[in-house]
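Student: I have a new structure to look at and would like to learn how to read it. Could you guide me through it, one feature at a time?

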Amino acid sequence: MQARGDTRAVTAACLNAGGLWQIYSTPLVGWMQSGSLVHVAVHAHLLLAGYLLTTAAIGLDSTPHRAPHLIRR
């Protein structure tokens with residue numbers, strides 16, 4: 001199951017980097033500077049892409065209430 005989580009993180013990182021590359025290599029960066037609606041839409045997209053990358057990289061904790069170290073010995 002760990003390999004599946006790693007694949008999601010790599011995929012999310014590639015999508016995040018690809019989206020940034022598209023923003024800065026197209027006229028979209030000029031549109032962002034001239035229009036506030038485009039600016040807000042791109043920032044919302046970057047926020048959601050960063051959230052996706054973070055959740056894919058961190059994932060869910062498999063043992064959220066683990067016993068203290070002294071008890072586990």
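Tutor: Gladly! Let's begin with one residue: Asn-16 sits in helix H1, which covers residues 2-25. Keep in mind that this is a predicted model.

Student: Is Asn-16 buried or exposed, and why?

Tutor: Buried means a relative accessibility under 20%. Asn-16 has 15%, so it counts as buried.

Student: Which residues does Asn-16 touch, leaving out those up to four places away in sequence?

Tutor: Its contacts are Ala-49, Gly-50 and Leu-53. Ala-49 also appears among the buried residues of H3, together with Val-42 and Ala-56.

Student: How should I think about positions along a helix?

Tutor: An α-helix makes a turn every 3.6 residues, so residues three or four places apart point the same way. Back in helix H1, we also find Gly-19. With a relative accessibility of 13%, Gly-19 counts as buried because it falls under the 20% cut-off.

Student: How far apart are Gly-19 and Leu-46 in sequence and in space?

Tutor: They are separated by 27 residues in sequence, and their C-alpha atoms are 8.3 Å apart.

Student: What span should helix H3 have, and what does the model show?

Tutor: Helix H3 runs over residues 36-58, which is 23 residues. At 1.5 Å a residue it should span 33 Å, and its end C-alpha atoms are indeed 33 Å apart, so the two agree. Just after H3 comes Gly-59, with a positive phi of about 75°.

Student: What does the whole protein look like in terms of helices and strands?

Tutor: There are 4 helices and 0 strands, giving the pattern α-α-α-α along the sequence. Of its 73 residues, 12% count as buried. The protein exposes about 6200 Å², with 68% of that supplied by carbon and sulfur atoms.

Student: Where is confidence lowest, and where is it highest?

Tutor: Helix H4 (residues 69-72) has the lowest, with a mean pLDDT of 77, while helix H2 (residues 28-34) has the highest, at 87. For the protein, the mean pLDDT is 80, and 85% of residues reach 70 or more.

Notes:
Residues numbered from 1 in each chain as written. Predicted model: local features only at pLDDT ≥ 70, side-chain atom pairs only at ≥ 80, totals over all residues. Heavy atoms only, no water. Helix = DSSP H or I, 4+ residues; strand = E, 2+ residues; numbered from the N terminus. Buried < 20%, exposed > 50% of the residue type's maximum accessible area, 1.4 Å probe, protein only. Contact = heavy atoms within 4.5 Å. Areas by Shrake-Rupley, 256 points an atom, 1.4 Å probe, with all protein chains shown as cover. pLDDT = per-residue confidence, 0-100. Expected span 1.5 Å × (residues − 1).
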